[in-house]
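Student: I'd like to learn how to read interfaces in a structure, both between chains and between domains. Could you take me through an example?

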Amino acid sequence: MSTRTQVLKKPFNLRLDFWHFVIIAAFILIGFFLIYPLFNIFINSFWQDGKASLENYQEFFSRKYYYSALINSFIVSTSATFFACVLGIPVAYAMSRFNIPFKGVFHILIILTLLSPPFIGAYSWILMLGNNGFITNFLANIGIEIPSIYGLHGMIWVFTLQFYPHIYLYVSGALKTIDVSLEEASSSLGVSGFARIRKVTLPLIFPTVSTGALMVFMASFADFGTPMLIGQGEKVLPILAYDQFISEMGSNPAMASTLSMILLSVTTAVLLFQRHIMNRKTYTMSSLRPPKVIKLSPVKRTLATLMVMGIVTLSIIPQATVITTSFLKTNGPVFVGGFSLDSYREVLYKVPKAIQNTFTYASVAIVIMVIAGLLLSYVVVRRKSKITSFLDALIMIPYVIPGTVLGISLIIAFNKPPIELTGTWVILVIAYVVRKLPYTMRSSTAILHQIDKSVEEASISLGVPPMKTFFKTTAVLMIPGVLSGAILSWVTTINELSSTIVLYYGATATITVSIYSEVFTSNFGTAAALASMLSLATIISLIIIMIISGKKEISV
Amino acid sequence: MQDHVKIKQICKFFGDNKALDDININIKKGEFFTLLGPSGCGKTTLLRILAGFYQQEEGNLFFEDSHMNNIPAHKRNIGMVFQNYAIFPHLTVFENVAYGLKARKIKKDEIKVKVTEALDMVELSHLKDRQPSQLSGGQQQRVALARAIVIHPGLLLMDEPLSNLDAKLRVKMREDIRNLQKSLNITTIYVTHDQEEALAVSDRIAVMSEGKVQQIGKPHEIYLSPVNKFVANFIGTTNFLDAEIEIIDSDKHATVFVEGAALKTKLFESAYGKGIYSIRPEQIKIKETGDANSALVEGEIVDATFLGESVVYKIRFTSGTLISAHEHSIRYNMLRKIGDLVKVDLNPEEAVIFDESGEEVLNEHKNTSLKETV
Ligand SMILES: Nc1ncnc2c1ncn2[C@@H]1O[C@H](COP(=O)(O)OP(=O)(O)OP(=O)(O)O)[C@@H](O)[C@H]1O
Ligand SMILES: [Mg+2]
């Protein structure tokens, strides 16, 4: 029976298929547009007057001008993170556990807050509370002096109101998966009310809160627009890096590289720290009985609603202010009373190119991201191996790269022959794709996990070759997930400032850059008109995502 | 008849785990062949090698005379029915069934004719415009079947196609599948871990365990003439009793002592010492206490389960050993009661005696001759 007559020892030849090429191409592109630039600034930061040295780092830590920016960044980001938790956790708790009216509306408004460009918040708080802000003026008229919005506390205020939705979204998700019997058990042990929330619920959602907090910290730490507008004398790291870079252009950009490295080290360290706590404190909960919504007494219900409404309103005020302002009659920085469409007319006349640029670049980027998201998530999920896991890790690196740093690193890498991309629109699109691809990847892999593998095998056994099978089955089924991720990436791309400001070049200016320069030249009307256009585009995109994914929830 | 599928010395490893160990099977044209075995024994792995989704590390695969090792899955002309159906969720019933025909570049009107015909066969024509999400499990299964047969595959592979259906539907579907297979005369390889299903539909069965084929045979062969303890135990139910073998003559006639009774049998080769005596419940005959035959064992009825056409009795021997025995329930006054004392005929003519390890059959029994027909 077992006379091994014709056993082929190596019966098969290793054939390269399409997916191998995808993997190879991905490594080449990531190496070229991400690793090489980062490596470049790493080397640059140790390079002074043609030789390797630690001089730049020594200078950073010995001069107050430099290290105080680091301290400022820390103060602002940690405070904003703390206050975002203070706002986000109660709102999430109330929204998911109590019978609050208009939940859907609140939810949308909170997401809208998160997705609007950060500096629009800063800008409209200036319109309200700035030196010439209408609330400031109003209060001054009735004899009340309020402290200026400018400075670190202004940044903390803006970041808190802008980024608490991160906490809200993560915590709401976690609260839905807590098995209600855990909380009931603690009640029956005599722990109830606030004590129960503190002793049982909070520890259970702690890992999720920490993930949300990480997002808030990263966003505040890396933000460029808000500190630029509202910081005035107080500098934070991204501003400092930008300043150094702009003033050093043409010479040796060593200090900008050093600052970038420090920014990167901090974000990476914070990420690793958060992962570390997560690993120790993760409880996996399979929600056997998800908690019910509690019907509050009318008084309590009103109080809870007022709390949620207050916070949501406060955070959406900037949007409302900007949109209102865009319809006011202005003459330069002066509002002359009455409504008009003048600001829009002026914008269309003054910066039509910027509007066109924003939507063109973002659209080119979204096409690339859809294709890349489709193919890369497939190799990462369905061709799981050490190599593809490594690829997955590389793709996620941009999570920790502040936009300013990416911008600086791309310029340094590609500002000289043989590859000169500085000043072209290509470099902007590259920056957008690198920065936002992780978001598309996340939603693409999520949907891929839900698609049955054997659907492809069924197609193959029916005679359709593997490649064609992918496009006829899995790809079609993935489209909703990929698209909703890509549209989200698109929204954050049109609102992007921190890398654009480093990379743009006259003719490639975008809406955000124009808003920024209009605000700086005090043309508040036109700035508001441009910002309103972005808000409108953002709202439309969100509606499209909801239609595509067929649900009310958006995971940002 | 001509061999359609030839599986020769196939081995498959997952890391260090040998999922398939030297598999040799020849399957005839038009045959309904079943791979049967407990979970994890390698059935799916073997099926996927046939389909071309896995590549074996060793061994060769032939369809008729063509060597298949290097033929990719989409060129093997195989119809496959998956356990979870794997219906294309974005296509209607009609489009699902038409999928393989379109890939073969068949003309539109011809596709229509063939799809309608296939849907008729599985009694689904009235649902052809439905979305898969609007179908019940059984209907999805029929779509999967229609989709697989409409391309006139050389080989039909089914991996536990009925395991997600309820018991009633399972019986109806398996009959439908069997009839369809017969009328189309498609060589079919069917995977299941349900032995009753396997016995009911198969022309032949390969019983597998731990990556090895234990026995290949017609349903009644593997049931009545198992080649080892594993097969005897896995197919149907049986009683295993300790046996002590003593040779009595040069002609290999032996006396086997089981539960104190001296039973006569004929061995293939001379052997003595310990063995395992396997006898199925329905092969046991229950006698009255008055019977003086010395080959009978005394026992007491300790449990009775009435199943309609038969009764299952649990009988305890004086040694404490429990066995189960079936008896037809013909008349009301013939039913036995718990506590009744009986004598049991262990029926050595039909019993199978294994060596101590359970690997080999030692005796000739009534159904031994079956083996030569394989
Ligand atoms: N992709 C894989 N990677 C690693 N091991 C595998 C893989 N597929 C199967 N195995 C292992 O190979 C062995 C045989 O698995 P197989 O799926 O063929 O069993 P099966 O007989 O189909 O079982 P079941 O009745 O549960 O479907 C098992 O031990 C299983 O763990
Ligand atoms: Mg299986």
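Tutor: Let's go through the chain contact and then the domain contacts, keeping in mind that this is a predicted model.

Student: Fine. Before the interfaces, how many helices and strands does chain B have?

Tutor: Chain B comes to nine helices and 21 strands. Its C-alpha trace spans about 80 × 50 × 40 Å along the principal axes. Of its 374 residues, 52% are buried. As for contacts between residues at least 6 apart in sequence, 64% of them in chain B join residues at least 24 apart.

Student: Now the interface between the chains. How much area do chain B and chain A bury between them?

Tutor: The general idea first: the size of an interface is often given as the accessible area lost when the parts come together. Here chain B and chain A bury about 2,800 Å² between them, with 54% of it on carbon and sulfur atoms. Three residues of chain B, Gln9(B), His74(B) and Tyr99(B), supply 23% of the area that chain B buries against chain A, more than any other three. In residue terms, 34 from chain B and 31 from chain A take part in the contact.

Student: Which side chains meet in a salt bridge there?

Tutor: Between chain B and chain A the count is one salt bridge. It joins the side chains of Arg48(B) and Glu457(A), at 2.6 Å from N to O. Polar contacts are counted separately, and six residue pairs make them between the two chains, both residues being at pLDDT 80 or more.

Student: Which elements of chain B give two or more residues to that side?

Tutor: They are strands E1 (3–14), E2 (17–28), E4 (58–63) and E6 (78–81), together with helix H2 (93–103), of chain B. E4(B) has the largest share, with four residues. Sorted by class, the side of chain B that touches chain A divides into 14 nonpolar, 13 polar and seven charged residues.

Student: On to domains. Into which domains is chain B divided?

Tutor: Chain B has domain 1 (3–229) and domain 2 (237–370). Taken over C-alpha atoms, their centres are separated by 39 Å. In the contact, 10 residues of domain 1 of chain B meet 15 residues of domain 2 of chain B. These two domains bury about 1,000 Å² between them, 56% of it on carbon and sulfur atoms. On the domain 1 side, Tyr223(B), Leu224(B) and Lys229(B) lose the most area to domain 2 of chain B, together 55% of what that side buries.

Student: How many salt bridges and polar contacts does the rule find across that interface?

Tutor: The rule finds zero salt bridges between domain 1 and domain 2 of chain B. Three residue pairs are in polar contact, both residues being at pLDDT 80 or more. Helix H7 (residues 219–224) of chain B gives the most to the domain 1 side, with five residues. By class, that side has five nonpolar, three polar and two charged residues.

Student: And chain A? What do its domains bury between them?

Tutor: The assignment for chain A gives domain 1 (71–117 + 151–317) and domain 2 (326–556). Those two bury about 2,600 Å² between them, with 79% of it on carbon and sulfur atoms. Leu115(A), Phe224(A) and Phe245(A) are the residues of domain 1 of chain A that lose the most area to domain 2 of chain A, together 22% of what that side buries. The count of salt bridges between these domains is zero, and one residue pair is in polar contact, both at pLDDT 80 or more. H12(A) gives the most to the domain 1 side, with seven residues. By class, that side has 22 nonpolar, seven polar and one charged residues.

Student: One single residue to finish. Is Asn99(A) buried or exposed?

Tutor: The cut-off for buried is under 20% relative accessible area. Asn99(A) is at 17%, so this residue counts as buried. Asn99(A) sits in the loop between helix H3 (64–97) and helix H4 (103–115) of chain A. Leaving aside neighbours within four places in sequence, Asn99(A) is in contact with Val293(A), Ile294(A), Lys295(A), Leu296(A) and Arg301(A).

Definitions and conventions:
Residues are numbered from 1 along each chain as its sequence is written. Chains are lettered from A and ligands numbered from 1 in the order in which they are written. This is a predicted model: local features need pLDDT of at least 70, side-chain atom pairs count only at pLDDT 80 or more; totals for chains, interfaces and linings use all residues. Side-chain values use heavy atoms; hydrogens and water are left out. Domain bounds come from an automatic or database domain assignment. Contact means heavy atoms within 4.5 Å. Buried area is the accessible area (1.4 Å probe) that two parts lose on being put together, summed over both. A salt bridge is a side-chain nitrogen of Lys or Arg within 4 Å of a carboxyl oxygen of Asp or Glu. A polar contact is a pair of N or O atoms within 3.5 Å; within protein, one must be able to donate a hydrogen and the other to accept it, and residues adjacent in sequence count only if both atoms are side-chain atoms. Ala, Val, Leu, Ile, Met, Phe, Trp, Tyr, Cys and Pro count as nonpolar, Asp, Glu, Lys and Arg as charged, and the others, Gly among them, as polar. Buried means under 20% relative accessible area, exposed over 50%, partly exposed in between (1.4 Å probe, protein chains only).
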